[in-house]
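Here are my notes on the model you sent. They are set out as numbered points, with one question to begin.

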Amino acid sequence: MRNETLICTECFVVIPRTDFHNIPDNPVAQLLWGRCRIEEQLPFSLYTKGSRMRRLIHNMKYNGVKEIGTELGRIYGHLLNHQDILTE
């Protein structure tokens, strides 16, 4: 069950998801090639000026609403778990 007091249903639905977990050589992976050793680069959403994701992260970071991070992790973890990426 989602915690709508942290992330409303509208935000949940319209947060742009990258789907980079389905693209092995995704743009974030390419940015990190040769810079550091990382197994997977799986960003959930892109952080852009004026985006809902930016507002959520801002509230988490600067307004002390740390539960947003837990909720976003739960949402993405659920998605990854259902994609079987964690078992590969």
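With which side chain does the side chain of Glu 71 make a polar contact?

1. The partner is Arg 74: its side chain and that of Glu 71 are in polar contact at 2.7 Å. Bear in mind that this is a predicted model.

2. The pair also qualifies as a salt bridge, with 2.7 Å between the closest N and O atoms of Arg 74 and Glu 71. The structure holds one salt bridge.

3. Both partners sit in helix α4. Glu 71 and Arg 74 are three residues apart, which is about one turn of the helix.

4. The two ends of the bridge differ in exposure. Glu 71 has a relative accessibility of 2%, so this residue counts as buried. Arg 74 has a relative accessible area of 47% and is therefore partly exposed. The cut-offs behind these labels are under 20% for buried and over 50% for exposed.

5. Helix α4 also contributes to the largest nonpolar core, which has eleven residues. The members are Ile 7, Cys 11, Ile 15, Phe 44, Met 53, Leu 56, Ile 68, Leu 72, Ile 75, Tyr 76 and Leu 80. At least two residues of this core come from α3 (52-62), and at least two from α4 (67-82). The largest share belongs to α4, with five residues.

6. To put the points on α4 together: this helix holds both residues of the salt bridge, and α4 supplies five residues of the core. Within α4, the buried residue of the bridge is Glu 71.

Definitions and conventions
Residues numbered from 1 in each chain as written. Predicted model: local features only at pLDDT ≥ 70, side-chain atom pairs only at ≥ 80, totals over all residues. Heavy atoms only, no water. Core = buried A, V, L, I, M, F, W, Y, C linked by side-chain atoms within 4.5 Å. Buried < 20%, exposed > 50% of the residue type's maximum accessible area, 1.4 Å probe, protein only. Helix = DSSP H or I, 4+ residues; strand = E, 2+ residues; numbered from the N terminus. Polar contact = N/O pair within 3.5 Å; in protein donor to acceptor, adjacent residues only side chain to side chain. Salt bridge = Lys/Arg side-chain N within 4 Å of Asp/Glu carboxyl O.
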